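Here are my notes on this entry, as numbered points. Please read them with the model open.

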Amino acid sequence: MLEDFYELNPYELDKDAKEKMLTKELLELTELHRQKCEPYGNMLAAQGYEKEKITSYYDLPFYPVRMFKEEELLSIDKEEIFKTMTSSGTTGQKVSKIYLDRDNAMAQQKVLIKILGDYLGKKRLPMLIIDSPEIVKNRQSFTARGAAIIGLRIAASKMTFALNEDMELDLDVVTEFLEKNAGKKFVIFGFTFLVWKHLYQAMKEKGKKLDLSNAYLFTGGGWKKIEAEKVSREEFKECFTKQFGITHFLDHYGMVEQTGCIYAECECGHLHASIYSDIIPRRYEDFSPCEIGEKGILQVVSVLPHSYPGHSLLTEDEGMILGEDDCPCGRKGKYVKIFGRVKNAELRGCSDVYASKF
């Protein structure tokens, strides 16, 4: 039960304890979705799935994440739909649709807060959002960008949007935010390319500097456009330190199909899997699990998806495990490196999709 996970620190379980707990929960979720979602049940049957033969979540069936683009997959009655979230996509692309009931939406928020609390502390902090308020106007149907921002609202003492509806930095708003929060810790959140273009480059072009030294810079999304500009992740951080005095960075990896279970960056620059989820890189030739340090296509599992069968998915991203239970930051669990999209895969991340317009 999810309540058992809530009793624990997000990073306190070692490999064996986490595998035991995740296997039990994910087996129950597989059975729930088999019974409640007919297309998913049919896929399990086609694979010859037998619950009795599963001894580890590594052996659970996984399906391509793009199945949410092709099928309407939900394990609740339509009358129970509380919120529909969609993935990012360029014009003409199909987008994934994820259906949440109220309980699933609340669980996502609760887990997100627990994970972030391990990095930012339990106190809710003011949050400067590098985006336009227009992105969260439609409350019934969110894009992945809007969903991420709304999901963070519960972690913020107050949210302030730094961009106007034309996606231009509103310097008056930013200045007022900084004056109100002088001497306090605060969070700057935005998808990576938006932060790069609309905060860093915008201020650099104006020839102005801001003192953002009390900020945690919380980013997420693809790096494709930034890396195309020959800017490495290390250089990205150096630019923000030089321009704004920022020294606290918190990048993360996540997806709309498993909202809440983010893989957040520790002080050592590693992305960590919490007790609520895991990443399994798999070999291209036979989908067997990779060893530590071996690059593969990523499977992600999560204990959160109860209203739709998204608990075991094969992504279109590549990555590798850097280590497990031994990160110098002290957090248990796997820590990973993400390389980005598999060659020829559609653009999908919020940051990369937005950046494709430029």
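**Notes on the predicted model**

1. Gln-243 has 10% relative accessibility, so Gln-243 counts as buried, the cut-off being under 20%. The model is a predicted one. Gln-243 sits in helix 10, which covers residues 233–244.

2. What does the side chain of Gln-243 reach? The partner is the backbone oxygen of Lys-208, at 2.8 Å. Lys-208 is also among the residues that Gln-243 touches. Leaving aside residues up to four places away in sequence, the others are Tyr-200, Met-203, Lys-204, Lys-209 and Leu-210.

3. Next, the helix pair. Helix 2 spans residues 15–36 and helix 3 spans residues 38–46. Their axes lie 6 Å apart, and the packing angle is about 115°. The two helices, helix 2 and helix 3, are therefore roughly perpendicular to each other.

4. Which residues of helix 2 meet helix 3? They are Thr-30, His-33, Arg-34 and Lys-36. On the helix 3 side, the contact involves Glu-38, Tyr-40, Gly-41 and Leu-44. By class, this contact of helix 2 with helix 3 has 3 charged, 3 polar and 2 nonpolar residues.

5. Now the strands. Strand 13 (residues 296–302) is mostly covered, with 7 of its 7 residues buried. Strand 12 (residues 277–282) runs antiparallel to strand 13, and 6 bridges join them. Within this pairing, Asp-278 has Val-301 of strand 13 as its bridge partner.

6. Strand 13 also pairs with strand 14 (residues 312–324). The sense is antiparallel, over 5 bridges. Gly-296 has Gly-319 in strand 14 as its bridge partner.

Notes. Residues numbered from 1 in each chain as written. Predicted model: local features only at pLDDT ≥ 70, side-chain atom pairs only at ≥ 80, totals over all residues. Heavy atoms only, no water. Buried < 20%, exposed > 50% of the residue type's maximum accessible area, 1.4 Å probe, protein only. Helix = DSSP H or I, 4+ residues; strand = E, 2+ residues; numbered from the N terminus. Pairing = 2+ DSSP bridges. Axes fitted to C-alpha atoms, helices over the stretch in contact; angles between N-to-C directions. Parallel < 35°, antiparallel > 145°, perpendicular 65-115°, else oblique. Contact = heavy atoms within 4.5 Å. Nonpolar A, V, L, I, M, F, W, Y, C, P; charged D, E, K, R; others polar. Polar contact = N/O pair within 3.5 Å; in protein donor to acceptor, adjacent residues only side chain to side chain.
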